[in-house]
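Okay, thanks everyone for coming. I'd like to walk you through one structure today, mostly by way of its side chains.

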Amino acid sequence: GSPAAIARYSQAIAAAASEVERDLYRRPVRFVHPLPDRCTGAERVALLYRLGGGAGYDLDSLLTLLPGPSSGPLRALVADLDSGSSLLNTAADAELARMASLYGLENAPDGAASLRAALVRAQLEPRAHGLDSYLDLIAEHLDREGLSVSRLPLVVVPTALLRDHLGITYSEFLLSWNNVVVERHAGLVHAEGFASGLATGDAQARASFGAAGCTLTLLPTLARSVIANGGYRCASNHLRFVPAVVVPVSAN
């Protein structure tokens, strides 16, 4: 929290951005949130706390950037825990039961009611509150930068609710509709991701992507990838095209 430490932090950020811009992408780098060297005093400290709320999370699970119309701004879909809480409060009991079955969540004695209450409480925990503030910061910043911003639900699921959580050392995984692969074909923008197990959330996500000019296709969920805080984009990074190999065979 000292001015000298904050200065070192800011210098490290600037150096990393310069290296990424020069050596990796060779394109201008823009940050998705404000930087601490742009403010001073109490405002700077408050900003650092909000940035800390995003520590340990994968940005691909929290933010999706989509091309805008030819003459319009980029579109940003930013995850939102408030929307996730609303989704949990309104989802039908049968929907929560299907989600519990998909991910192997404990079914409490009174069924969906206990699961709903446990999940809603999880969205109010201090770590979730910090993440929510970080996501609001991203949305506010991108809006000021001229992007067209809308929000997608995000649900924090405690790993303690898993029937089999032995060996899991992290406290939660995310149900996110941001972890998608976006491609453009013949002038059309298309995204693919995993279905969440919450049909209402899937429908909301399709509508939000559609409003942003992108068709969203949701495929059967690879549950273990999601529980490991991965998702469709993460899983697809492990797929590689292998050219066909001609193997000579003998008639004998």
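I'll go through the aromatic pairs, the cores, two helices and a couple of single residues. Keep in mind that this is a predicted model.

Let's begin with aromatics. How many aromatic pairs does a search of the whole structure find? The search comes back with 2. One is Tyr-103 with Phe-173: the ring centres sit 5.7 Å apart and the planes make an angle of 45°, so we call that pair tilted. Tyr-103 belongs to helix α4, residues 93-103, while Phe-173 belongs to strand β4, residues 172-176, so the pair ties together parts 70 residues apart in sequence. And both Tyr-103 and Phe-173 are buried.

Then there's Phe-194 with Tyr-232. Here the centres are 5.3 Å apart and the planes are at 85°; over 60 degrees counts as edge-to-face, so that's what this pair is. Phe-194 comes from strand β6, residues 188-194, and Tyr-232 from helix α9, residues 232-236, so this pair links parts that are 38 residues apart in sequence. Phe-194 and Tyr-232 are both buried too.

Back to α4 for a moment. Its buried residues are Glu-95, Leu-96, Met-99, Ala-100 and our friend Tyr-103. They cover an arc of only 140° around the axis, so they end up on the same side of α4. After the helix you get Gly-104, with a positive phi near 70°.

Now, the cores. Which residues touch the most other members of the largest nonpolar core? That core has 39 residues, and the ones to look at are Tyr-103, Leu-105, Phe-173, Leu-175 and Phe-209. So Tyr-103 and Phe-173, the tilted pair, turn up again on that list. As for Phe-209, setting aside residues up to four places away in sequence, it touches Thr-64, Leu-66, Leu-77, Leu-152, Trp-177, Val-180, Ala-191, Cys-214 and Leu-216. Apart from the largest core there's another one, with 23 residues, including Leu-62, Val-78, Ala-139 and Val-156.

Phe-209 also brings us to helix α7, where it is one of the buried residues, along with Gly-201, Asp-202, Ala-205 and Ser-208. Looking down the axis, the buried residues of α7 fall within an arc of 125°, so they line one face of the helix. I also did the length check: 13 residues, 199-211, at 1.5 Å a residue should span 18 Å, and the end C-alpha atoms are 18 Å apart, which agrees. Following α7 is Gly-213, and its phi is positive, near 80°.

Two single residues to finish. First up, His-141, in helix α6, residues 126-144. Is it buried or exposed? His-141 has a relative accessible area of 11%, and buried means under 20%, so His-141 counts as buried. A polar atom of the His-141 side chain lies 3.4 Å from the backbone oxygen of Phe-31. Beyond four places in sequence, His-141 touches Phe-31, Val-32, His-33 and Pro-34.

And then Ala-79, in strand β2, residues 75-80. Its relative accessible area is 0%, so Ala-79 is buried. Leaving out neighbours within four places, Ala-79 is in contact with Ser-61, Leu-62, Leu-135, Arg-151, Leu-152, Leu-154 and Asn-178. The C-alpha atoms of Ala-79 and Asp-136 are 8.8 Å apart, with those positions 57 residues apart along the chain.

That's my tour, so over to you.

Notes. Residues are numbered from 1 along each chain as its sequence is written. Side-chain values use heavy atoms; hydrogens and water are left out. Rings of Phe, Tyr and Trp (its six-membered ring) pair if their centres lie within 6.5 Å; planes under 30 degrees apart count as stacked, over 60 as edge-to-face and the rest as tilted. Helices (H or I, at least four residues) and strands (E, at least two) are DSSP runs, numbered from the N terminus. Buried means under 20% relative accessible area, exposed over 50%, partly exposed in between (1.4 Å probe, protein chains only). The arc is that of the directions from the helix axis to the C-beta atoms. A nonpolar core is a set of buried Ala, Val, Leu, Ile, Met, Phe, Trp, Tyr and Cys residues joined through side-chain atoms within 4.5 Å. Contact means heavy atoms within 4.5 Å. A polar contact is a pair of N or O atoms within 3.5 Å; within protein, one must be able to donate a hydrogen and the other to accept it, and residues adjacent in sequence count only if both atoms are side-chain atoms. The expected span of a helix is 1.5 Å times one less than its number of residues.
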